[in-house]
Amino acid sequence: MYNDTFSDSLFHFSYGNLSACKPYRYGKVFKTNIIGTPIIISTDAEVNKVVLQNHGNTFVPAYPKSITELLGENSILSINGPHQKRLHTLVSAFLRSPHLKERITRDIEASVGLTLTSWSQLPLVHVQDEIKKMTFEILVKLLMSISPGEDLDILKLEFEEFIKGLICIPIRFPGTRLYKSLKAKESLIKIVKKVVEERQEATIERTNSPANDAVDVLLRDVNDGGGSDKQSQPLDFVSGKIVEMMIPGEETMPTAMTLAVKFLSDNPVALAKLVEENMEMKMRKSESGKEYNWSDYMSLSFTQNVINETLRMANIINGVWRKALKDVEIKGYLIPKGWCVLASFISVHMDEDIYENPYQFDPWRWDRINGMSNSNICFTPFGGGQRLCPGLELSKLEISIFLHQLVTRYSWTAEKDEIVSFPTVKMKRRLPIRVTPVERTSPISVEDH
Ligand code: HEM
Ligand SMILES: *[C@@H]1O[C@H](CO)[C@@H](O)[C@H](O)[C@H]1NC(C)=O
Ligand SMILES: *[C@@H]1O[C@H](CO)[C@@H](O)[C@H](O)[C@H]1NC(C)=O
């Protein structure tokens, strides 16, 4: 395992404001120390691309020991090689399947609808907290078809306990915290395993229907003899994978939505354009009487611009950590064997040579960027290459549905708040807003509340 200790890292966690390192004084790829650990930082889009693509499996994920302990040795997030590839393919295929998209669109619409209705009845909503309940509900539905209720509540409590250990800065990781988190993980797996066992009995009869959730997908794979060396405890294996899959979506989704609300609150012109586009669609839909589908939401081009611009500026995952298994030369830079590399996304997303006025929230810039030759490699909120986030399309759908309902049914005023980016991206005051239902004036009267 390549889990040498090093400091505040990785994956879904920030390491502070990179601009403080003044990267360009040293060139786009440079060596530095982060809390005593030597590391190579790449702020170059092309170098990042090579690291992400990882041809020949030169780079492996590099996580601190405490994180690896929590995740387990076979976690999708830390494994490398054929098992990672197989799992990645399986999970991506499921998350992008038309069957799931159709089903999950209805589920997301329902959750968002109920959530927003409850917001409009509260005097003050702390978006960052409230939105988490909703995204967790959707995630659990997606993974194992559990609906709101007692099981979901217990699951949420245990998961929160578990995740606390992952968010801690490992260098100051107290033993009791790790212990509590490991305990919580055990209970989580127990709850999940109950679901998996029940399903295992039920699936024997109906294997021809498309998979409804991630439990179905993984169960079928182990039943088909996939991942052969995990066969000894297939149900433990599946339960563990489900718990792991709760990790990457849990923090990122709510943060993306919260920051979208923040950026829109601060940019009334962009908000007005968003309302216009979404109202237009809503009227068209209510005329035709048809339900929304995946492609309807994706066809809202300004909404997609807003999502891209939010992800660019939010840098929820501001880079990924890897360790080189052999000497690698990229664009003339040598990365020696055994060194850790941080492929920094935030440096590219905030590079003024790539994004003019990078600190300005400007959704329209995506109309100009579209079609530029290197635009893909300069925009990597979901990573890329071998480990490209399998939740990419789903995340965009979820944010689109949330924004659509929010701006077509409500208006809001936000209290003053600011974004903090260390150790994770958050709102200092959890983004307090007041939500009011509105009947938007339009040629056709549309109102549904
Ligand atoms: C806005 C929301 C999200 C962002 C910004 C995001 C970002 C990322 C990034 C950057 C990676 C690559 C990490 C690396 O290369 O080491 C990743 C991996 C992953 N993400 Fe997401 N993610 C989001 C939502 C989700 C959701 C909703 C799910 C699940 C339903 C998910 C599941 C995963 C999984 C399973 C991996 C690991 C893939 C692998 O290593 O093969 N993500 N995500
Ligand atoms: C979604 O709905 C639109 C309009 O109702 C239709 O043209 C399109 O084919 C549908 N797409 C899918 C993937 O079902
Ligand atoms: C958003 O970014 C993605 C990834 O680079 C790109 O494919 C897409 O075209 C962008 N969307 C818009 C509306 O510009």
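1. Three helices, α3 (82-95), α9 (234-266) and α15 (392-409), each contribute at least two residues to the shell around ligand 1. The largest share of that shell, six residues, belongs to α9. The model is a predicted one, and the remarks below should be read with that in mind.

2. The surroundings of ligand 1 comprise 25 residues, of which G249, T252, G383, C389 and G391 come nearest to the ligand. Sorted by class, the shell around ligand 1 consists of 17 nonpolar residues, seven polar residues and one charged residue.

3. As to the chain as a whole, its secondary structure amounts to 15 helices and 12 strands, and 42% of its 449 residues count as buried. Where contacts link residues at least 6 apart in sequence, 73% of them join residues at least 24 apart.

4. Helix α15, already named for its part in the shell around ligand 1, also packs against helix α10 (residues 268-288), the two axes coming within 9 Å and crossing at roughly 95 degrees. The pair α10 and α15 is therefore roughly perpendicular, since crossing angles of 65 to 115 degrees are classed in that way. On the α10 side the contact involves L274, V275, N278, M279 and K282, which meet L403, H404, V407 and T408 of α15. The residues of this contact between α10 and α15 fall into five nonpolar, three polar and one charged.

5. Helix α10 has a further partner in α12, against which α10 packs at an angle of about 140 degrees, with the axes 8 Å apart. That angle makes α10 oblique to α12. The contact is built from A270, K273, L274, E277 and N278 on α10, together with F302, T303 and V306 on α12. By class, the contact of α10 with α12 has four nonpolar, two polar and two charged residues. A reader comparing the two interfaces will find L274 and N278 of α10 listed in the contact with α15 and listed again in the contact with α12.

6. Helix α12 (residues 301-314) also bears on ligand 3, since four residues, the largest share of the shell around that ligand, come from this helix. The residues around ligand 3 are S301, Q304, N305, N308, W366, N370, S375, N376 and F379. In terms of class, the shell around ligand 3 has two nonpolar residues, seven polar residues and no charged residues.

7. Ligand 2 is surrounded by K290, N293, W294, S295 and D296. Divided by class, the shell around ligand 2 has one nonpolar, two polar and two charged residues.

8. Helix α5 (residues 127-144) deserves a separate comment: with 18 residues, α5 reaches 26 Å from its first C-alpha to its last, which is close to the 26 Å expected at 1.5 Å a residue. The helix is mostly covered, 15 of its 18 residues being buried. After α5 comes S145, whose phi is positive, near 55 degrees, and a reviewer may wish to look at the backbone there.

9. Within α5 lies L142, which can serve as an example of a covered position. With 25 other C-beta atoms within 10 Å, L142 is buried, because 20 or more such atoms are enough for that label. Leaving aside residues up to four places away in sequence, L142 touches I104, D213 and A214. L142 and L95 are 47 residues apart in sequence, yet 8.8 Å apart in space, C-alpha to C-alpha.

How values were computed. Residues are numbered from 1 along each chain as its sequence is written. Chains are lettered from A and ligands numbered from 1 in the order in which they are written. This is a predicted model: local features need pLDDT of at least 70, side-chain atom pairs count only at pLDDT 80 or more; totals for chains, interfaces and linings use all residues. A residue is near a molecule or strand if its C-beta atom, placed from the backbone, lies within 6 Å of it. Ala, Val, Leu, Ile, Met, Phe, Trp, Tyr, Cys and Pro count as nonpolar, Asp, Glu, Lys and Arg as charged, and the others, Gly among them, as polar. The expected span of a helix is 1.5 Å times one less than its number of residues. A residue is buried if 20 or more other C-beta atoms lie within 10 Å of its own, exposed if 12 or fewer, and partly exposed in between; C-beta atoms are placed from the backbone. Axes are lines fitted to C-alpha atoms, for helices over the stretch in contact, and angles run from 0 to 180 degrees between N-to-C directions. Angles under 35 degrees count as roughly parallel, over 145 as roughly antiparallel, 65 to 115 as roughly perpendicular and the rest as oblique. Two residues are in contact if their C-beta atoms, placed from the backbone, lie within 7 Å.
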